[in-house]
Amino acid sequence: MKFKKIELLPHLPPFAAPLFSSLTLKGLHCGSGANLKSDFLNTDSMAFMDEKGNSTIEGSLCMVDDAFYYFQYDATKPFPFEDACFDWIYSEHFIEHIPQHVTVEWFKDMKRLLKPNGLIRVSTPDLEKYIRGYIDPDATFFKEHIRRLNAMGVQNVPPRRAWLVNQIFRNWGHQHIYDFAELRFTAGLAGFPPDLARKCTYQSGVVPELSALDREVRNDESLYVELFLK
């Protein structure tokens, strides 16, 4: 992925909350890929390069196209940030790519990075939608999901129900697929109060700026959950 301009910033880890406040970054966008958002610190393991050959460097804070802050980093490791840096954290289709026990550790680190009364919004493929789709006589969900896959460039998708359930477990590098109860349980192991977990819908949530990050391309299959701190 190439951008017009990548600038390495002079700040060095560990990064403190006042730095992010001074940059007006209220949220952490974890597993952002190239879907960069302003007002968030975007982070992913992938490297970016600009037209002049400048690239992001793992562990360094960067400015991309004079508009977006990006931090190249492996999110399965604790972030080199001080505690209580962010009001919000957002993650879209990330946790299914890592083993469940690693997700627990990730949630622990996200909890550490949240300010008091902060929240995290997570989306991930919804196991319940796939199971309901499997037993639906009309296969409404599967027909729509095949259409979505075709639009993404995935061709010759078998219409077989068993294949469509298996692919969400075995394809795309997925490690663990969640329903609401499983996600709430996993986050609970990391210290998020299960009774405060809230199941949401596409682009609907407590903080409009946060739920607006949901992408339509994934909304047919996604589970949306917001987790709060006491």
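1. Packing around helix H2. In this predicted model, the cover over the buried residues of H2 includes E3, strand E8 (86-92), strand E9 (114-125), helix H6 (180-189) and strand E11 (222-228). The residues of H2 that are buried are Val-102, Thr-103, Val-104, Trp-106, Phe-107, Asp-109, Met-110 and Leu-113. Polar and charged side chains thus figure in that list beside nonpolar ones, with Thr-103 and Asp-109 among the buried residues.

2. Geometry of helix H2. The helix runs over residues 100-113, 14 residues in total. From first C-alpha to last, H2 reaches 20 Å, close to the 20 Å expected at 1.5 Å a residue. As general background to the list of buried positions, an α-helix has 3.6 residues a turn, so residues three or four places apart point the same way. Within H2, Val-102, Trp-106, Asp-109 and Leu-113 are among the buried residues.

3. The largest pocket. The space in this pocket is about 340 Å³. Its lining comprises 23 residues, and those nearest the centre are Gly-31, Ser-32, Gly-33, Asp-44 and Phe-94. Strand E3 (27-30) and strand E4 (40-44) are the elements that give two or more residues to this lining. By class, the lining of the largest pocket holds eight nonpolar, ten polar and five charged residues. Strand E3 also appears in the cover over the buried residues of H2.

4. The second largest pocket. Here the volume is about 210 Å³. Of its 16 lining residues, His-93, Met-152, Trp-172, Arg-218 and Glu-221 are the closest to the centre. Two or more residues each come from helix H4 (140-151) and helix H5 (161-170). The lining of the second largest pocket divides into seven nonpolar, five polar and four charged residues.

5. Backbone at His-93. What sign does phi take at His-93, which is not a glycine? The phi of His-93 is positive, at about 50°. As a point of reference, most residues other than glycine have a negative phi. His-93 sits in the loop between E8 and H2, and with a relative accessible area of 9% it is buried. This residue is also one of those closest to the centre of the second largest pocket, so the assignment of its backbone deserves mention beside that of the pocket lining.

6. Backbone at Gln-203. A positive phi, about 55°, is likewise found at Gln-203, again not a glycine. Gln-203 belongs to the loop between strand E10 (198-200) and helix H7 (208-211). Is Gln-203 buried or partly exposed? Its relative accessibility is 41%, and Gln-203 therefore counts as partly exposed.

7. The cis peptide bond. Pro-13 and Pro-14 are joined by a cis peptide bond, with omega about 0°. In general, most peptide bonds are trans. Pro-14 lies in the loop between strand E2 (6-8) and helix H1 (17-22).

8. Cysteines and disulfides. How many disulfides does the model contain? The count is zero. With the cut-off for a disulfide set at 2.5 Å between sulfur atoms, the sulfur of Cys-30 is too far for a bond, because the closest cysteine sulfur, in Cys-85, is 14 Å away. For Cys-62 the closest cysteine sulfur is that of Cys-30, at 16 Å, which is also too far for a bond. Cys-30 is buried, at 0% relative accessibility, and Cys-62 is buried at 0% as well.

How values were computed. Residues are numbered from 1 along each chain as its sequence is written. This is a predicted model: local features need pLDDT of at least 70, side-chain atom pairs count only at pLDDT 80 or more; totals for chains, interfaces and linings use all residues. Side-chain values use heavy atoms; hydrogens and water are left out. Buried means under 20% relative accessible area, exposed over 50%, partly exposed in between (1.4 Å probe, protein chains only). On a 1 Å grid over the protein atoms alone, a cavity is a set of points where a 1.4 Å probe fits but cannot get out, and a pocket is an open set with protein on both sides within 12 Å along at least five of seven lines; lining residues have an atom within 4 Å of a point. Grid points are joined across faces, edges and corners, and a volume is the space filled by probe spheres set on the points. Helices (H or I, at least four residues) and strands (E, at least two) are DSSP runs, numbered from the N terminus. The expected span of a helix is 1.5 Å times one less than its number of residues. Contact means heavy atoms within 4.5 Å.
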